[in-house]
Amino acid sequence: MNLRNLLIGLWLASFLLPTALLCQVSSPLLTLQKNASEIERTEVMVLGTFHFRTLGKSFRPSLVLHLLERLEAFKPDVIAVEVLPGPRVHELEARGKATSVHGILLENFASLSLELGREAQALLKMDTVQAAQELAAQKTPPQDSSSWQRQTLLHLAAYQWPNALLAWSRVSPEDRGGNTLVPPALSSKLESRRTHSDEVVALALPLALRLNHREIAGVDDFEDCEATELILEREVFRSRENPLIKAARNAEAYRRVQSLQEEGLKTGDLLPVFRYMNGPAYAAADVEAQWGVLLRTRYQDRSDRSRLALWENRNMKIAASIRALSSRYPGKRILVIYGAAHKPFLDAYLGGCSDIRVVQPLNFLEGKP
């Protein structure tokens, strides 16, 4: 190589070498993933579900017995659900009048936490922070029915109603009729909730009892309230009139879910619905129908793009809550039961974490874990 070629080579290297080095260090998560032991990773399985309230009075526990058996085979160490955690409810309560969206969230997603929680706070004569502190200080689980009753009240006061139902389920049946710790009126509300048709009562609660868990973790969150208030009204108005969105809402994937639900109610088994909703074909169709369409509507004010940004923002927050939960269960197994629209986004965000392995539920649902 002559001197001219050598100088040209050095000159080119001065541009290319920093780029090559940048490529090597641009993803710290990839660097960490290379160092994470495969056998020590925290396993997270996101089960996509429809909302059980749509079944109304048609729901009965026997419909999900086969599903619970398949989920139990995963042997999760903790179950996470689509419920606002106590601290988030407390924050919304404190800022309830900050925007109209704060009020909407409180009314539609935190009303149960607030209603039962405030009753428990009055009985215990403590606020939500004090109740959470007492729960955090406990070193051993309750040993008798009376202790489980206090545990129930503490969880209610801390705005953790799924954990309250879990504790209440361990109170002896003869004590659930109301006593000095849990008055009859509150006892009746708890008993009523234990027969409610939602994902917590239908799936998370019976599975947690089977596995002798002490916790059902709420990991829900919502879009930025201030930003949502600015774009929600105009985006919803436009969506009602847009032919692309109307067509997307009638996608074949949703008709298939409806058909499988109706068939499951007849046969007494909803497992086939969950197999379909947790497969790759449904995930792709749902993402395209609900969110891909917002990249094609092209509203002049771009509120469609704003809505998509807020949806991704919400899922990032939920994934962050699940990631925070994993800090308490390193190397363990976490089952997340969530609305199916969230599943592909949560899988993608959690799959990028340094020591998490995302486990797909389909093999378990097909009996091939």
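Mentor: Before we start, contact here means heavy atoms within 4.5 Å. Keep in mind, too, that this is a predicted model.

Trainee: Thanks! With that in hand, which residues of helix 8 does helix 6 meet?

Mentor: Look first at the helix 6 side, where Ser 113, Leu 116, Gly 117, Ala 120, Gln 121, Leu 123 and Leu 124 take part. By class, the residues of this contact between helix 6 and helix 8 are eight nonpolar, three polar and one charged. On the helix 8 side, the partners are Arg 150, Leu 153, Leu 154, Leu 156 and Ala 157.

Trainee: Are helix 6 and helix 8 oblique or roughly antiparallel to each other?

Mentor: Their axes lie 7 Å apart, and the packing angle is about 125°. Roughly antiparallel needs an angle over 145 degrees, while roughly perpendicular stops at 115. The crossing of helix 6 past helix 8 is left-handed. The angle falls between those limits, so the two helices are oblique.

Trainee: Helix 6 also packs on helix 10; how is helix 6 oriented to helix 10?

Mentor: Helix 6 covers residues 111-124 and helix 10 covers residues 184-193, with axes that come within 11 Å and cross at roughly 150°. That angle is over the limit of 145 degrees, so helix 6 is, relative to helix 10, roughly antiparallel.

Trainee: And which residues of helix 10 are in that contact with helix 6?

Mentor: Helix 6 passes helix 10 in a left-handed crossing. From helix 6 come Leu 112, Glu 115, Leu 116, Glu 119 and Leu 123. The contact counts four nonpolar, no polar and four charged residues. Helix 10 brings Leu 186, Lys 189 and Arg 193.

Trainee: Let's move to helix 4 and helix 5. What is the handedness of their crossing, left-handed or right-handed?

Mentor: The axes of helix 4 and helix 5 come within 9 Å and cross at roughly 130°, which makes helix 4 oblique to helix 5. Val 89, Leu 92 and Glu 93 of helix 4 touch His 102, Leu 105 and Leu 106 of helix 5. Four of the residues in this contact are nonpolar, one is polar and one is charged. As for the handedness, the crossing of helix 4 past helix 5 is left-handed.

Trainee: Now for empty space. Which elements give two or more residues to the lining of the largest cavity?

Mentor: The structure holds one cavity of 30 Å³ or more, and the largest cavity has a volume of about 40 Å³. Its lining consists of Trp 148, Gln 151, His 155, Asn 163, Leu 166, Ala 167, Arg 170 and Arg 214. Sorted by class, the lining of this cavity has three nonpolar, three polar and two charged residues. The elements that give two or more of the lining residues are helix 8 and helix 9.

Trainee: Last one: which helix gives the most to the lining of the second largest pocket?

Mentor: That pocket encloses about 770 Å³, and among its 32 lining residues the closest to the centre are Gln 160, Asn 163, Glu 215, Ala 217 and Arg 328. The lining has 16 nonpolar, ten polar and six charged residues. Elements supplying at least two residues each include helix 4 (86-94), helix 9 (161-168), strand 3 (216-218) and helix 17 (303-326). The one that gives the most, with five residues, is helix 7.

Conventions:
Residues numbered from 1 in each chain as written. Predicted model: local features only at pLDDT ≥ 70, side-chain atom pairs only at ≥ 80, totals over all residues. Heavy atoms only, no water. 1 Å grid on protein atoms, 1.4 Å probe; cavity = no way out; pocket = protein on both sides within 12 Å on 5 of 7 lines; lining within 4 Å. Points joined across faces, edges and corners; volume = space filled by probe spheres on them. Helix = DSSP H or I, 4+ residues; strand = E, 2+ residues; numbered from the N terminus. Nonpolar A, V, L, I, M, F, W, Y, C, P; charged D, E, K, R; others polar. Axes fitted to C-alpha atoms, helices over the stretch in contact; angles between N-to-C directions. Parallel < 35°, antiparallel > 145°, perpendicular 65-115°, else oblique. Left-handed = near helix turned anticlockwise from the far one by under 90°.
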